[in-house]
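Please open the structure in your viewer and keep the selection tool at hand, since this tour moves from one selection to the next. At each stop you will read what to pick and what can be found there.

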Amino acid sequence: MVWLVWALVVAYGMVMLIRRQAASRAKLAAAIDQLEARAQARPGGAADRPIEVVSPSEVEVAARSTPCPLCGGELRVDEHAAETIDGTRLRLAHATCIACSSSRTLYLQIKGLP
Ligand SMILES: [Zn+2]
């Protein structure tokens with residue numbers, strides 16, 4: 001009979017632990033979503049608010065100098081490409097944070113180009 005009480009106590013403890021972990025994961029996911037939304041609202045976070053640079057050679061420098069919005073780490077530019085979005089010629093820097101490995105795209109525009 002004692003073993004049954006122990007089994008119930010252990011099972012209850014496991015359920016409570018799993019619930020706490022699920023709640024923690026949900027809070028973390030919500031915090032990440034909020035940080036990502038803030039990052040998209042900043043310059044370079046979306047195609048309609050690009051970071052302005054004066055030449056293509058500044059694209060990588062500007063992207064690397066933008067801190068990771070999740071951890072503040074440095075971004076490594078994996079590649080950058082030119083694309084026209086809604087009639088605007090942009091440079092898209094696809095980058096990965098060297099600290100937390102999150103990936104993101106930064107939008108840049110070369111001054112003077114349409
Ligand atoms: Zn990071």
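Begin by selecting strands β3 and β4, which form a hairpin with five residues between them, and note that S101 in the turn has a positive phi of about 65°. What you are looking at is a predicted model, and that should be kept in mind at every stop.

Stay with S101 for a moment, and pick this residue in the loop between β3 and β4, the latter covering residues 103–110. A phi near 65° is a positive value in a residue other than glycine. Most residues other than glycine have a negative phi. S101 counts as exposed because it has 12 C-beta neighbours inside 10 Å, and the cut-off for that class is 12 or fewer.

Now widen the selection to the two strands again, and follow the six bridges that join β3 to β4, which run antiparallel. To see one of these pairings, pick L92 together with Y107, its bridge partner in β4.

Next, add strand β2 (residues 75–85) beside strand β3 (residues 88–97), where the two pair in the antiparallel sense over ten bridges. Within this pairing, select E79 and look across to H94, which stands opposite in β3.

Which residue takes a positive phi in the hairpin of β2 and β3? Select D86, since that hairpin has two residues between the strands and D86 takes a positive phi near 50° there. D86 is found in the loop between β2 and β3, and, like the earlier stop, the phi is a positive value in a residue other than glycine. With 7 C-beta neighbours inside 10 Å, D86 therefore counts as exposed.

Return to β4 and bring in strand β1 (residues 51–53), which pairs with β4 in the parallel sense over three bridges. Here you can select E52 and find Q109 of β4 standing opposite.

For the last stop, select helix α1, which takes in residues 2–41. At 1.5 Å a residue, the 40 residues of α1 should span 58 Å, and the end C-alpha atoms of the helix are 59 Å apart, which agrees. How many of the 40 residues of α1 are buried? The number is zero, so the helix lies largely in the open, where being buried would require 20 or more other C-beta atoms within 10 Å of a residue's own. As you step along the helix, remember that an α-helix has 3.6 residues a turn, so residues three or four places apart point the same way.

Methods. Residues numbered from 1 in each chain as written. Predicted model: local features only at pLDDT ≥ 70, side-chain atom pairs only at ≥ 80, totals over all residues. Pairing = 2+ DSSP bridges. Helix = DSSP H or I, 4+ residues; strand = E, 2+ residues; numbered from the N terminus. Expected span 1.5 Å × (residues − 1).
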